[in-house]
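Biologist: I would like to learn how to read a protein model. Can you take me through one, feature by feature?

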Amino acid sequence: MKFLLGLMLSLTLFGAVADEGEVADAALIAELKQYCNDIAEEDGTGGQNLNAFLLECVNNELTNEGYQKVEKI
């Protein structure tokens with residue numbers, strides 16, 4: 001019984017790790033970059049340089065929508 005419970009738990013955890021979301025297309029990334037740029041212009045970047053702010057903002061939006069993060073934009 002413990003073996004089956006452990007196996008089920010392992011499969012569940014593996015599934016959660018393997019499911020990182022899909023890759024966003026370039027159009028969505030460009031749209032989010034423009035959205036984040038508008039935020040930076042209106043509210044500032046909180047002391048971050050613009051590129052770092054845009055990358056963090058775009059990645060936050062991507063993960064909120066179920067997509068994988070990007071390394072650069």
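Modeller: Start with helices and strands. Helices (H or I, at least four residues) and strands (E, at least two) are DSSP runs, numbered from the N terminus. Now the case here: G21 lies in the loop between α1 (2-18) and α2. This is a predicted model, where local features need pLDDT of at least 70, side-chain atom pairs count only at pLDDT 80 or more, and totals for chains, interfaces and linings use all residues. Residues are numbered from 1 along each chain as its sequence is written, and side-chain values use heavy atoms, with hydrogens and water left out.

Biologist: How many helices and strands are in the chain?

Modeller: The chain has 3 helices and 0 strands. Read from the N terminus, its elements run α-α-α.

Biologist: How do I read burial? Is G21 buried or exposed, or partly exposed?

Modeller: Buried means under 20% relative accessible area, exposed means over 50%, and partly exposed is in between (1.4 Å probe, protein chains only). G21 has 27% relative accessibility, so G21 counts as partly exposed. For the chain of 73 residues, buried residues make up 19%.

Biologist: Which part of the chain holds L32, and is L32 buried or exposed?

Modeller: L32 sits in helix α2. Its relative accessibility is 5%, so L32 counts as buried. Compare sequence and space too. L32 and E61 are 29 residues apart in sequence, and their C-alpha atoms are 7.3 Å apart.

Biologist: What separates the C-alpha atoms of G21 and K69?

Modeller: A distance of 9.0 Å, with their positions 48 residues apart along the chain. Another pair is I73 and L55: 18 residues apart along the chain, with C-alpha atoms separated by 6.5 Å. I73 lies in the segment after α3. At 40% relative accessibility, I73 is partly exposed.

Biologist: Now disulfides. Which residues does a disulfide join here?

Modeller: A disulfide is a pair of cysteine sulfur atoms within 2.5 Å. By this rule the count is 1 disulfide. It joins C36 to C57, with 2.0 Å from S to S. This pair links distant parts of the chain, 21 residues apart: C36 is in helix α2 (residues 26-43) and C57 is in helix α3 (residues 50-64). Both C36 and C57 are buried.

Biologist: Why is the disulfide of C36 and C57 called left-handed?

Modeller: Look at the torsion about the S-S bond. For C36 and C57 it is about -80°, so the disulfide is left-handed.

Biologist: What about Y35 in helix α2?

Modeller: Y35 counts as partly exposed, at 41% relative accessibility. Y35 and C57 are 22 residues apart in sequence and 9.1 Å apart in space, C-alpha to C-alpha.

Biologist: Last feature: charge. Which residues gather in a patch of negative charge?

Modeller: Asp and Glu count as negative, Lys and Arg as positive; His and the chain ends are not counted. Patches are made of residues with over 30% relative accessible area and no salt bridge, and like charges are joined within 9 Å. A salt bridge is a side-chain nitrogen of Lys or Arg within 4 Å of a carboxyl oxygen of Asp or Glu. Here D38, E41, E42 and D43 form such a negative patch on the surface. D38 lies in helix α2. D38 is partly exposed, with a relative accessible area of 31%.

How values were computed:
Patches are made of residues with over 30% relative accessible area and no salt bridge: like charges are joined within 9 Å, nonpolar side chains (Val, Leu, Ile, Met, Phe, Trp, Tyr) within 5 Å. Accessible areas come from the Shrake-Rupley method with a 1.4 Å probe; for residues, only the protein chains shown count as cover. The place of a charge is taken as NZ of Lys, CZ of Arg, CG of Asp or CD of Glu.
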